[in-house]
Each structure stands twice: as C-alpha cells, then as structure tokens.
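Visitor: I would like a close look at a single part: the surroundings of the ligand. Please start just outside and work inward, then follow the chain onward.

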Amino acid sequence: LNAPPRDPLPTLALDRPVRHPSLYVSFSPDGRTVLENGLPSGRLEASRELLDVVALCDGSRTQAEIAAALPWSEPSEEARATLVRVLVERLRQHGLLLDEAGAAPATADYGYARPEIHRTMLLDHVRTDAFREAMRAVVRPGDTVVDMGAGSGVLCMFAAEAGAKEVHGIECSAIIEPARRVLELNGHAAVQLHQGDAETLDLPVQADVIVSEWLGYFVYADGMYPAFAALRDRCLKPGGRVVPAEVDVLLAPMEDRDPRGHSYWYGRPYGFDFSPLLEQEYRFTQIRLVPTEALLAPGQVLDTIDCRRAGMRDLHVTRSARWRLERGGQLDAVCGWFTARLAPGVVMETAPGAPDTHWQQHVFAVRPVRVEAGDALELTLRVSEAPYDSRLVRIALEGRVLAPDGSLRGEFAHQYDQ
Ligand SMILES: C[S@@+](CC[C@H](N)C(=O)[O-])C[C@H]1O[C@@H](n2cnc3c(N)ncnc32)[C@H](O)[C@@H]1O
C-alpha cells in the first residue's frame, strides 16, 4: 500500500470524493479494521492510510487538497498525490466513496435504480391512491409542486393532473432516465426532472407544495427524512403545504403466534436448542402482516411527526405509554406501524387489520413475559441517531409488566438497528 505504482494512472472520476452515507468502521475479532457500507460489496480492510484518506473525504476537498492535507511523510508531492489516487480508486470500487453528486442514501443508490421497487410501490394501491387523493386535495390551479424522490414519476403526474402549473421532480437514482420517457409518453413533458440529492441540490424554485413519499418501514427506515426537511426549509414558500403533513408512530403489545416469526426458536427445531439465535432476534426487527388477534391491547400513538416543521433531530424522541392488557397469554413482541395524514381528510393507515400495504407492520421481538388480562404494560420508546448513519435511527424499547396488585411480572430492554 505504501509503494505508489510506477505506471501513470488514468484520470479518475471522483474529483471531490465523499464518503458513502452509510460508511462505518468495524473491528474484526482478529484485530483488523474494516470499512463497510452495509452492502455485500462494500467491505474493505482499512490500512492507516485508507482511514486517513476517508477522514478527509467529505465532498469539500479535491483529491489534490486531500493529498496536501494528509499527515504523511511521503518524499515528494507527486508520490503523495499518486497514492491518494490509488486509495480513492480502491474505495470507489467498493462503493465506499462516491462523487459529490452521487452522495445519496444507500437505498437510493442501489434498490431504487431498479424497476422492481417502483413496481412494488405502484402495486400498493392503498399508498398510491392515497397520494393521488392528497394531490387532488392539496394542489391548486397554478401551483408550483416539487416531488422529492420522484422515482417512476407517478406523483409528478398526479400533481400535474391536479392542476399544478409547474412540477419539478428530484431523483438521485438512475431510474430518472426511464422516468423522463414515462413523462413524455404520457403527455407530461412539461414536468421537469432534476437529478441529484435533494438534500443539497440547488433548485431555484419556491414551491407551493412539496410532496415526498419518504416513508420507510416503521417510518424511519429509508433515511430520506433529512433530505425532505432540508429541501422543505430551502424551497417551500411561506405558508406552503407538504404531503404528508403529519405522521403518527404507533405501538401495541403483542403475542407472536406466527410460527415463521421469532417464536420459531421456542421449539427445538430438528431436536436442537437454538436459543442463542433467539437472543439475536432482540436486535433486529421483522416486517410482517400482524393479525389483529395477535395484539394484547390496541395501538397507542407514541409520537407525531409534524412534517411541516420537524427536522431530523425532532424525530429523536423518548416517549412512554401505558396499556391495560385486554387478554392474557405471552407478551413476546411489540408491534409498530404508522398512520400518515397526507392532506386534510386524506389518511393513510398501515395498522394491523387495515388494508395491506407494502410497509406491512414492524415486529420488535422482546423477551417473553407471561401476562394476564388486566395487567399493565409500561413501555418507553427511544428513537435516537443510528451510530453509523445520521440519516437512520436506532430504536430502543424498555418495558415492564405489572400485575393489578403492582407486583412485577417481568421486564425487557432491547435496542434495534433498522
Ligand atoms: C419511496 S420512493 C418513491 C418514488 C415515487 N415518488 C413513488 O411514490 O412511487 C423514493 C424515491 O426517492 C429517491 N430518493 C431517495 N433519497 C433521495 C434524495 N436524497 N434525493 C433525491 N432522490 C432521493 C429514491 O431513489 C426513490 O426513487
């Protein structure tokens, strides 16, 4: 790594390299330091030099400026610059560095370039019809509408149908090219699509309406909210409208009877004790359709995100609620979902028992507690910044179940990464 190659290198694409938004450093048990972005190809054993370079790649410096700022004792400036180019290229090949324009969330870089995910979203009629209705309710003739994360272009077309005079869609992934053709084919050539990261894109437009389908699994998972909030703060006219307007985050205690869920480990599959794998379930969440019968009590709203005002930090909250359990059994999970008020009178539900959406529900496995009807569950939800990516969140749940006489039936405390 320290010996710069002799052959001249081609000019590389990354003029002002920037770290992949999900980049993190991990330490393997045998003492190696590894740079990762959470994707299978995004792993690279990190030398001291690689870490030095990555630390300076925030998109503000050219490769030459990075070379000049490095604390290395390379004999010549040229050797130092060559080494930086080699290291930047290795990091780029693993997707760990992007160019400044490509600095978009991992989900956007990868999944969203494919048609499949857009098909999944359009197949979700509850979602897509609700957004169409919201556009009809919110857009007034002559409005300027900005769609953050235009994808297939569907919400841009809804906005144009609803009477918008100008529609701008922002999209960072390669789906933008076919989406442009979709707009032309459907007589919406006036809709302008802009490629880039909405968080930083310079869009010289003031919008009457900003629409964005930024909602991830259990609200937070897509990591799009910071880009939406930044765009809203730059481009929304005073008094402008946003879709969705508000999102409620709900939780309910549940007994998980789905044999394909984490309760699978309660038995002895193939005659073996797999309980260490059950322990791992308390760190990860499951996305499933939860039947209403699984709930031990109705859902409660733990937080409401006011999309007209809230920044990413406002999503970091600690909230508590108390339930009176309606039936006995085994409390071994907490079910999570959201309800989005898209526009006045247009509500999109993703609750158990509501018409299915692609978000389904979120299941947070918890250490089981035997419960009786009439017991109380006291639960605290903590939403904080994920340690490896400020766009994502870490969710912690702490609960205790009390019998009617106040005695403790059991408690749990778990922390999940999304
Ligand atoms: C959930 S999809 C919604 C697509 C489309 N609006 C719809 O409703 O079917 C989100 C889209 O936003 C894009 N996206 C995510 N983050 C973005 C960002 N920071 N800037 C621009 N586009 C982004 C993704 O590439 C993806 O196409």
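Guide: Contact here means heavy atoms within 4.5 Å. On that cut-off, and leaving aside neighbours within four places in sequence, A162 is in contact with M135, R136 and V139. Keep in mind that this is a predicted model.

A162 is a useful starting point. It sits in the loop between α7 and β7. Compare sequence and space for one pair. A162 and L185 are 23 residues apart along the chain, and their C-alpha atoms are 18 Å apart.

Now the ligand itself. There are 21 residues around it. Those that come nearest are R127, G149, E171, D197 and A198.

Take the polar pairs one by one. At G149, a backbone N or O atom lies 2.8 Å from a ligand nitrogen. At C172, the backbone again supplies the N or O atom, here 3.3 Å from a nitrogen of the ligand. At D197, the side chain supplies it, with an N or O atom 2.8 Å from a ligand nitrogen. So G149 and D197 are both on the list of nearest residues, and each has an atom within the 3.5 Å limit for a polar contact.

How much of the ligand does the protein bury? Alone, the ligand exposes 600 Å², and the protein buries 100% of that area. Which elements give two or more residues to the shell? They are α5 (115–123), α7 (154–161) and β7 (166–171). By chemistry, the shell divides into twelve nonpolar, five polar and four charged residues.

This brings us back to α7, from its other side. S152 lies in the loop between β6 (144–148) and α7. A polar atom of the S152 side chain is 3.4 Å from the backbone nitrogen of V154. Setting aside residues up to four places away in sequence, S152 touches H118, L122, A179 and V182. The loops that hold S152 and A162 therefore both border α7, given that helices and strands are taken as DSSP runs.

Next, the empty space. A search of the whole structure finds two cavities of 30 Å³ or more. The second largest holds about 60 Å³. Its lining includes W214, Y220, D222, M312 and R391. Also on the lining are V219, G223, M224, Y225, P226, L315 and V393. Two elements give two or more residues to this lining: α9 (225–235) and β19 (389–402). Nine of the lining residues are nonpolar, one is polar and two are charged.

Further along, two backbone details deserve a look. The peptide bond from V243 to P244 is cis, with omega near 0 degrees. P244 is in the loop between β10 (236–243) and β11 (246–254). The second detail is at Y270. Its phi is near 55 degrees, a positive value in a residue other than glycine. Y270 belongs to the loop between β11 and α10 (275–281).

Key. Residues numbered from 1 in each chain as written. Predicted model: local features only at pLDDT ≥ 70, side-chain atom pairs only at ≥ 80, totals over all residues. Heavy atoms only, no water. Near = heavy atom within 4 Å. Polar contact = N/O pair within 3.5 Å; in protein donor to acceptor, adjacent residues only side chain to side chain. Areas by Shrake-Rupley, 256 points an atom, 1.4 Å probe, with all protein chains shown as cover. Helix = DSSP H or I, 4+ residues; strand = E, 2+ residues; numbered from the N terminus. Nonpolar A, V, L, I, M, F, W, Y, C, P; charged D, E, K, R; others polar. 1 Å grid on protein atoms, 1.4 Å probe; cavity = no way out; pocket = protein on both sides within 12 Å on 5 of 7 lines; lining within 4 Å. Points joined across faces, edges and corners; volume = space filled by probe spheres on them.
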